[in-house]
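Me: Could you take a close look at one helix of your choosing in this structure, and then work outward from it to the parts that help to place it? I would like the cut-offs behind each term stated as you go.

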Amino acid sequence: MTKRWLPWSAMALLVVGSLAIAGADGGGERTVAGRVDAIAAEVRCPTCEGLSVAESESAASRTIRDDIRRRVEAGESDGEIRAYLVSRFGKDILLRPEATGVSGLVWALPVVVGVFALAGLVVAFRRSRARTAVELSDDDRVLVEQARRGR
Amino acid sequence: MTATVPPTGRRRGHTARWVAVAVGLIIALFVGVLATRSPAIDTEADTPLLGRQAPPIEGPGLDGGTVRLADHRGKFVLINFFNSWCVPCREEHPELVKFAARHAATGDAVVLGVIRDDTPDEVRRYRTEHGGDWPVVDDPRGVVALDYGVRGQPETFIVAPDGTIVARYISRITADGVDETLRRYRGSGA
Amino acid sequence: MNAAVGLGAVFLAFLSAVAGVAVLTTGLVRNRPTLLRTGRVYVWLVLGGAVVATLAMQRALLTHDFSMRYVAEHNARATPTLYSITGMWSALEGSILLWGLVLAGYLAVAVRHFRHRAADPLVGWATVTGLLVAVFFFGLMLGPANPFREVAGAIPVDGRGPNPLLQNHPLVAFHPPMLYLGYVGFTIPFAFAIAALITGRVGEGWLVETRRWTLFAWGFLTAGIGLGAWWSYEVLGWGGFWAWDPVENVSFLPWLTGTAFIHSVMVQERRAMLRVWNLSLLVATFSLTILGTFITRSGVLTSVHAFSESAIGPLLLGFFAVAVAVSIGLIGWRGDRLRSPGAIDSPVSREGAFLANNVAFAAFAFVVLLGTVFPLLAEALGEDKISVGRPYFDRMTMPIALALLFLMAVAPALPWRKASGDLLHRRLLWPAWAGTAALVACVAFGLRGLATLAAFGLGAFAAAAAVRQLVLATRRQGWRGLIGRTNGGMVVHLGVVVIAVAFAAAQSYGHRGEFRLSPGQSAVLAGHRITYLGVEDKQYANRNAVEAMVRVDDDGVFRPALNRFPFAREAIGTPSVRVGGFEDVYLTMISAPRTADGEAVIAVVVQPLVVWLWIGGGLMAVGTLMAALPGRRRRPTEPASATVPAADDPPEPVAVEAAV
């Protein structure tokens, strides 16, 4: 019986190992271009709906991208750059809602609902397991036998 | 045949009803919120810049020289972001002309145009056709628009004599509407 | 003339629907089978009205009858024939007409399908429900969404033409009708759910009746969403295919609840469980199609896809509220009868997996709905205007999507009731190795990003599980092993895996660049050499275009263009794509040169595997068709398919539920 777990542990080892290699590789120095792209992807294009300034090629988006680059090169932090944009356009220039205050609800509610749903699932399984011991009559066994033989 | 499960008792008797009531209430609230929303298209718009110092404007003027917002300190300034190809800008233009003429004598308010997404040549042609003699600044890189958080055009900001922003419009303005805003601002004793 | 005929036909459809409701309800309440048999004839009158109205609209569009306001605003003399036809769904009023036509068609097919059971109250109430929906939509056409209104004043010499984005690509002829076939198709299962609640026959009969209807509606909706993504990619010019835009989200919501339903319905058929849940999913799916139409048409949320706004918002919202209120009321009222007689033996079983699948889909739908409407909720709570965009949706849906991929890999191997460790070992070992191998290979090839790698590994796992099932089935039954619900479903799963992998790859490993080039100059992005050759001016019937000639990697010249349409303020770009099995090179012209030998600005997007999104979508459509075909006939003695008479269920009033 122990043999059955051998391939599975080997698999687990391979999966964890390769994910660890991939994870360790990703955390290098952040380049200017990488930071600009990351910030731009979370800033809404002011003249077009639904796109970020990283995706949009409108004039306003290009201006904002250039400005982000200038500020990154000038040594401003990501937070400072976002705060500047909010001070000019308002909060809705950011595509990622803040995690605090009212807008924090959009992050918290799914987690709360998810936890409740999972809890409900566990309770449902527990409850149905409590109602076990279904009595089989001889008729049932005969029926099952017939069905098996008919296959 | 499948064996039956003994009834689970009265414990779950009304679950469906209560869940239905709860879900119904949530949806009623939801519908209420949706029903009371106004369409996203709005004219008078909020901006984080209200009540704050207007970001400086300095750049090449359409008619040569340098245009500076700071030169107009002590007057109301109507900063108007516009271009030659936007239809509402065209429709708004006569109102700007009317406003500028009204205040030319008293000298208490001026218009300052900022070109948005257009070339100076096009705008010059547009001005000969439609009139207007107020200073216009070119903004080829869109940095002034960025400083003011401009989203579309036309868009207009009113700057008070002390340099603070007192109003923002994200669609067409009328001369009377702007004068009304100015009166209100003066009346509030600021 | 067209307007008069059209409006008359709409009026006929409306009156017939009202009369049908009246006659059928009388027959049902007074128990008069004759009335039930006559009542359904009104459905054919509704269909007749809808068809004549559609013909009148098409005739008006094709003959450029500008005395009709809709034609004057959404058609022009220069509009090509194809876009004259599609003009019917280029704006709100015509779209509602299309909705009415599709609904009438579905109702007529349903009435014909159940013609031998016209006296059955279940069918009767379902027809009434369907006709009530028709009353609402044809009522809209008589009121605020009248497509046949005449122009005020003099008849214009020429019209404004459709929105430029809607006369730019032939996909516009397929995407909206598919979407509507999907949206409206859910009306039939919804009608039967309501009928089952009203008659109290909440056993499994109505489910078997509507199974194939649901599957078709779901398939059309899938195709519609897929074609919409393709249209976005080919037309909008930003190189993406899914922006988590409100309009995309609201079409995705019924798909999510519908997908949850077609999985959990199997649990109800086999084990007689989850009845309230399944009814709720159908109600949610139908209501979400209405809510979606409200959100896109009322202007409360702006979107790239919302091409019109009008005063029908409050009516749609009201209809949504009524539909939900009635359904919830009925479910609450019938709550006792809906209690399920079955129970889940073990979480490690097919039904356990379906339950987990449903929790995941429900969570997915909740996140998408919350994110879409949250700006409105926050405003109502006194918060400033905020945006909820891609970063939110990517972050929140990614874990759910990965969980679903995992379930997709494991669930087909699980038996009903209970799984033994030995069985799991036997069935899952090779699929799991496939997943592991894919993951290790991806890491070895230097791919990075944990979520993306997880998607690849789990995708391979799920694909192998689906292939294993298909191979076993075909070995046992030959080509018939490919059809039927289970095996067709596995083909759909393969399509989903292909899409998931392509989506993850395109999102993670894309490159963007923007180049200012003079004729003859080149630029290099992600290993591709882009050479700008020059521009050409072209005149088309409905537009003037400036086409750039751009060579990609020495093989072929592509022509991204800027189009100027009459009545459009800005130039509309048309991208040009070098499609490849591994990588797409997507070109758009940002600005045309001022002189022939001036500089043009060309934007380039290089994304891997994009073409597999469309292939995966096609696979899903084919799989849905296979699933809809009747599969291997089961013998009723076979344990798993034996019907489960519920002992603690009240006896059914009519014994027609013996579903075979």
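Reply: Helix H9 of chain C covers residues 187–199, 13 residues in all, and reaches 18 Å from its first C-alpha to its last, close to the 18 Å expected at 1.5 Å a residue. Here helices (H or I, at least four residues) and strands (E, at least two) are DSSP runs numbered from the N terminus, and the expected span is 1.5 Å times one less than the number of residues. The model is a predicted one, in which local features need pLDDT of at least 70 and side-chain atom pairs count only at pLDDT 80 or more, while totals for chains, interfaces and linings use all residues. Residues are numbered from 1 along each chain as its sequence is written, and chains are lettered from A and ligands numbered from 1 in the order in which they are written.

All of H9(C) is buried, 13 of 13 residues, so the helix is largely enclosed by the rest of the structure. Buried means that 20 or more other C-beta atoms lie within 10 Å of the residue's own, exposed that 12 or fewer do, and partly exposed that the count falls in between, with C-beta atoms placed from the backbone. Just past the end of H9(C), Gly200(C) takes a positive phi of about 80 degrees.

Two other helices of chain C can be set beside this one. Helix H12, residues 275–298 of chain C, has 24 residues that should span 34 Å, and its end C-alpha atoms are 34 Å apart, which agrees. Since 23 of the 24 residues of H12(C) are buried, this helix too is largely enclosed by the rest of the structure. Helix H16 of chain C, residues 421–444, also has 24 residues, and reaches 32 Å from its first C-alpha to its last, close to the 34 Å expected. H16(C) bends by about 45 degrees at Leu428(C), with a proline, Pro431(C), following within four residues; the bend is the angle between axes fitted to the seven residues ending at a position and the seven starting there. Both Leu428(C) and Pro431(C) are buried, as are other residues of H16(C), including Arg427(C), Gly435(C), Leu439(C) and Val443(C). After H16(C) comes Gly446(C), with a positive phi near 90 degrees.

On the other side of H16(C), Arg417(C) sits in the loop between helix H15 (390–410) and H16 of chain C. Its phi is near 70 degrees, a positive value in a residue other than glycine, and with 16 C-beta neighbours inside 10 Å Arg417(C) counts as partly exposed. A second case is Asp553(C), with a positive phi near 50 degrees, in the loop between strand E4 (544–552) and strand E5 (557–558) of chain C. Asp553(C) has 14 C-beta neighbours inside 10 Å and therefore counts as partly exposed.

For the wider frame, chain C is divided into domain 1 (1–162), domain 2 (182–416), domain 3 (417–509 + 612–632) and domain 4 (511–608), with bounds taken from an automatic or database domain assignment. The C-alpha centres of domain 3 and domain 4 of chain C lie 37 Å apart.

The largest nonpolar core has 215 residues, of which Leu107(C) and Ala502(C) touch the most other members; a core is a set of buried Ala, Val, Leu, Ile, Met, Phe, Trp, Tyr and Cys residues joined through C-beta atoms within 7 Å. Helix H14 (residues 350–380) of chain C gives the most to this core, with 16 residues. Apart from neighbours within four places in sequence, Leu107(C) is in contact (C-beta atoms, placed from the backbone, within 7 Å) with Val43(C), Val46(C), Gly130(C), Leu131(C) and Ala134(C). A second, separate core of 61 residues includes Cys48(A), Ile68(A), Leu94(A) and Ile57(B).

Chain C also touches chain A, in a contact that takes 48 residues from chain A and 52 residues from chain C. On the side of chain A, the largest share, 11 residues, comes from H1(A). That side has 24 nonpolar, 13 polar and 11 charged residues, where Ala, Val, Leu, Ile, Met, Phe, Trp, Tyr, Cys and Pro count as nonpolar, Asp, Glu, Lys and Arg as charged, and the others, Gly among them, as polar. Chain A itself has 6 helices and 0 strands, and 25% of its 151 residues count as buried.

Notes:
Contact = placed C-beta atoms within 7 Å.
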